[in-house]
Amino acid sequence: MMDAIAVVPYDCFPNGWGEYLQPVQESNLLRGIEIATDAQMHNELRIKILWRLVLHHVIKNWRSKHRIPGPRKLVKTTKPLGDLATSYFDLCIQCHAFLPVGIYQNAGHWFAAIMNEFQINDFDGMPNYQSKTLALSRDRKAYEEFYEGLNPIDSKLSPHLYRLIECSLKLLDEGRCDRFDKLYWQPFLKAYRQWNTAKQLSEWTTVFEYIGKLYCREGRGKGKYLLMP
């Protein structure tokens with residue numbers, strides 16, 4: 001499958017951002033994690049495929065002629081997550097100028113740090129993350145807080161995303177620009193809502209480890225099946 005999902009070419013990333021974004025699609029930033037079981041090895045592969053596709057969707061949203069490789073159903077299924085990632089990137093671009101100098105080299109550096117957080121948290125959460133219903137409930141609550149101008153992100157688990165939301169809310173609170181709300185914050189809320197809706201479909205599963213093997217749980221039911229023996 002990885003061979004079918006080619007990496008995004010380096011020159012597709014503008015403004016020298018490829019230096020930071022190239023490792024995201026390779027999942028090189030997971031190298032510091034010990035892979036102790038077959039389930040973890042398979043889950044690492046799943047994460048690589050997923051985030052490589054996500055970056056393709058980001059480029060597609062910027063360059064309409066870009067072709068996303070891979071099975072069409074998989075490309076279609078991952079589009080809502082790609083749209084959400086694009087909205088995060090757009091917020092990084094708009095917010096970067098308001099950060100103290102030196103935290104991130106550029107918006108691409110910030111976005112890459114956020115994507116790495118998603119990868120690490122996805123991998124680390126696999127052993128006990130069994131309930132899709134709980135995950136959907138958590139994400140609905142997060143959307144409600146975003147909508148109310150609050151930041152539901154855990155600053156310890158996801159400090160880079162937390163900083164992005166804090167900066168965005170500060171710009172909104174200060175009323176710096178209605179354009180920011182209309183062109184960037186509202187599209188983010190829409191993408192987050194659509195991603196939550198997409199995750200209710202059976203194509204999106206909860207993946208977890210059980211006795212050293214990788215299982216997934218579809219829909220809202222309690223059944224599980226072996227994903228990779």
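These are my notebook entries on a predicted model of one protein chain.

**Entry 1. Overall layout**

I began with the secondary structure and counted 7 helices and 3 strands in the chain. Followed along the sequence, the elements run α-α-α-α-α-α-α-β-β-β. I then looked up burial for the whole chain: of its 229 residues, 46% count as buried. I also looked up how far apart in sequence the contacting residues lie. Among contacts between residues at least 6 apart, 64% join residues at least 24 apart.

**Entry 2. Confidence**

Before turning to details, I checked the confidence values. The chain has a mean pLDDT of 79, and 72% of its residues reach 70 or more. Where is confidence lowest, and where is it highest? The lowest mean, 44, belongs to strand β3 (residues 225-228), and the highest, 94, belongs to α6. Over residues 225-229 the pLDDT stays under 50. For that stretch the model has 14 contacts beyond four places in sequence, and I read these with the low confidence in mind.

**Entry 3. The nonpolar cores**

I next looked up the largest nonpolar core, which has 50 residues. Which members touch the most other members? They are Y88, W110, F111, F146, L164, W185 and F188. The elements giving two or more residues to this core are α1 (18-26), α2 (38-62), α3, α4 (107-124), α5 (132-147), α6 (159-173) and α7 (178-198). The largest share, 9 residues, comes from α7.

I followed F188 as one of the well-connected members. With neighbours within four places in sequence left aside, F188 is in contact with L84, S87, Y88, L91, F146 and I165. I also noted a second, separate core of 5 residues, which includes I5, I49, L53 and V75.

**Entry 4. Helix α3**

Helix α3 covers residues 72-95, 24 residues in total. From its first C-alpha to its last it reaches 34 Å, close to the 34 Å expected at 1.5 Å a residue. I nevertheless recorded a kink of about 45 degrees at K79, shortly before the proline P80.

K79 itself lies in α3. Its relative accessible area is 41%, so I entered K79 as partly exposed. K79 and V54 are 25 residues apart along the chain, and their C-alpha atoms are separated by 7.5 Å.

Farther along α3 I looked up S87. Is S87 buried or exposed? S87 counts as buried because its relative accessibility is 5%, and the limit for buried is under 20%. Residues up to four places away not being counted, S87 touches P187, F188 and A191.

**Entry 5. Helix α7**

α7 has 21 residues and reaches 29 Å from its first C-alpha to its last, close to the 30 Å expected at 1.5 Å a residue. This helix also has a kink, of about 30 degrees, at W185, shortly before the proline P187. Which residues of α7 are buried? I listed F180, Y184, W185, F188, L189, A191, Y192, W195, N196 and A198.

**Entry 6. Helix α6 and S168**

For α6 I compared the span with the expected value. Its 15 residues should span 21 Å at 1.5 Å a residue, and the end C-alpha atoms are 21 Å apart, so the two agree. The buried residues of α6 are L161, L164, I165, C167, S168, L169 and L171. I noted here that residues three or four places apart in an α-helix point the same way, because there are 3.6 residues a turn.

I then took up S168, which lies in this helix. S168 has a relative accessible area of 0%, and is therefore buried. What does the side chain of S168 reach? It reaches the backbone oxygen of L164 at 2.9 Å. Beyond residues up to four places away in sequence, S168 touches L91, C95, F180 and W185.

**Entry 7. D122 in helix α4**

My last look-up was D122, placed in helix α4. With a relative accessible area of 24%, D122 is partly exposed. I looked up its separation from E44 as well. D122 and E44 are 78 residues apart in sequence, while their C-alpha atoms are 9.4 Å apart in space.

Technical notes. Residues numbered from 1 in each chain as written. Predicted model: local features only at pLDDT ≥ 70, side-chain atom pairs only at ≥ 80, totals over all residues. Heavy atoms only, no water. Helix = DSSP H or I, 4+ residues; strand = E, 2+ residues; numbered from the N terminus. Expected span 1.5 Å × (residues − 1). Bend = angle between axes of the 7 residues up to and from the residue. Core = buried A, V, L, I, M, F, W, Y, C linked by side-chain atoms within 4.5 Å. Buried < 20%, exposed > 50% of the residue type's maximum accessible area, 1.4 Å probe, protein only. Contact = heavy atoms within 4.5 Å. pLDDT = per-residue confidence, 0-100. Polar contact = N/O pair within 3.5 Å; in protein donor to acceptor, adjacent residues only side chain to side chain.
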